[in-house]
Amino acid sequence: MFRQLRSGDVTGRGPSVTSAKTRAVTPRTSTADRVVQSVCPYCAVGCGQRVFVKDEKVVQIEGDPDSPISRGRLCPKGAASEQLVNAAGRVTEVLYRAPKAKDWQKLDLSTALDMIAERFIEARRNHWEDADEEGRPLRRTMGIASLGGATIDNEENYLAKKLFTAAGAIQIENQARI
Ligand code: SF4
C-alpha cells in the first residue's frame, strides 16, 4: 500500500509490485543488432514476420505490423518460429538414403539438386506420350507429378504449376485441395 501511494500505482499492477528481477529484464527485441522482414514458413497464409538478429543469431521473431496479410499478428505456431530456427535437433544438411541402403549419407545441396533434376528429366523422357492410339496429340508425361504441401504459398504454387505444366505433367495437386 505504501509503495502504491508513493509511486502513484493506483491499481497495484505497476511499479509497486514489480520485482527487482523483473526490472532488470530487457526485451530481446530492444537489444537486437538488426531486424529482418520475413514470412512465416509454417502455412500458406504467409503471415509477415520481423526477425530480430543479435550477433548474427536469430533471437526473437514477432509479427510484422507492415504485412498487409497479417498486420502484426502471428498464430501460436508462427509465434514459436524462433524455436524452429534454433532447435538443437534441426536438420541442416541434405540426407540421402540410396535404394536398398540401410544408412543415410550426407550430400551437398548442389549434388542433391542435380540428382533430382536428372531423375525428373529421365522420368519425363521415359514416360512421354506424344499421341494416343488414334494419333490424337497428347504431348504429356505420366512419369512425373507434383504434390505441394500446405506450407507452399501462392507464389510458390504458381511457379510449381508453371514448371510442371511446361514439362508436360498433368498430375499437379496440392495438399490443401485434397
Ligand atoms: S502458421 Fe500461423 S503465423 Fe504462420 S503463416 Fe500460418 S497462420 Fe500465419
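This passage looks at the ligand shell, the largest pocket and the salt bridges of a predicted model.

The surroundings of the ligand make a convenient starting point. Four cysteines, Cys 40, Cys 43, Cys 47 and Cys 75, belong to the set of residues around the ligand. The shell is completed by Tyr 42, Val 45, Gly 46, Leu 74 and Gly 78. Sorted by class, seven of these neighbours are nonpolar and two are polar, while charged residues are absent from the shell.

Attention can now turn to the open space in the protein. The volume of the largest pocket comes to about 210 Å³, and 13 residues line this pocket. Those that lie nearest the centre are Gly 148, Asn 157, Ile 172, Glu 173 and Asn 174. Three elements of secondary structure each give at least two residues to the lining: strand β7 (137–148), helix α7 (154–166) and strand β8 (169–174). Of the contributions to the lining, that of α7 is the largest share, at four residues. In contrast to the ligand shell, which has no charged residues, the lining of the largest pocket includes three charged residues alongside six nonpolar and four polar ones.

Charged side chains also pair up elsewhere in the model. Across the whole structure, six salt bridges are found. One of them joins Lys 106 to Glu 93, with 3.5 Å between the closest N and O atoms. Lys 106 sits in strand β5 (residues 105–107), whereas Glu 93 belongs to the loop between α5 (81–86) and β4 (94–96), so this contact ties together parts that are 13 residues apart in sequence. The two partners fall into separate accessibility classes: Lys 106 is exposed, at 58% relative accessible area, and Glu 93 is partly exposed, at 44%.

A further salt bridge links Asp 103 with Lys 102, and here the closest N and O atoms are 3.8 Å apart. Both of these residues, Asp 103 and Lys 102, are exposed.

Arg 136 and Glu 134 form another such pair, again with 3.8 Å between the closest N and O atoms. Arg 136 is partly exposed, with a relative accessible area of 48%, while Glu 134 reaches 60% and counts as exposed. This pair does not stand alone, as Asp 132 joins Glu 134 and Arg 136 in a network of salt bridges.

Note on methods. Residues are numbered from 1 along each chain as its sequence is written. This is a predicted model: local features need pLDDT of at least 70, side-chain atom pairs count only at pLDDT 80 or more; totals for chains, interfaces and linings use all residues. Side-chain values use heavy atoms; hydrogens and water are left out. A residue is near a molecule or strand if one of its heavy atoms lies within 4 Å of it. Ala, Val, Leu, Ile, Met, Phe, Trp, Tyr, Cys and Pro count as nonpolar, Asp, Glu, Lys and Arg as charged, and the others, Gly among them, as polar. On a 1 Å grid over the protein atoms alone, a cavity is a set of points where a 1.4 Å probe fits but cannot get out, and a pocket is an open set with protein on both sides within 12 Å along at least five of seven lines; lining residues have an atom within 4 Å of a point. Grid points are joined across faces, edges and corners, and a volume is the space filled by probe spheres set on the points. A salt bridge is a side-chain nitrogen of Lys or Arg within 4 Å of a carboxyl oxygen of Asp or Glu. Buried means under 20% relative accessible area, exposed over 50%, partly exposed in between (1.4 Å probe, protein chains only).
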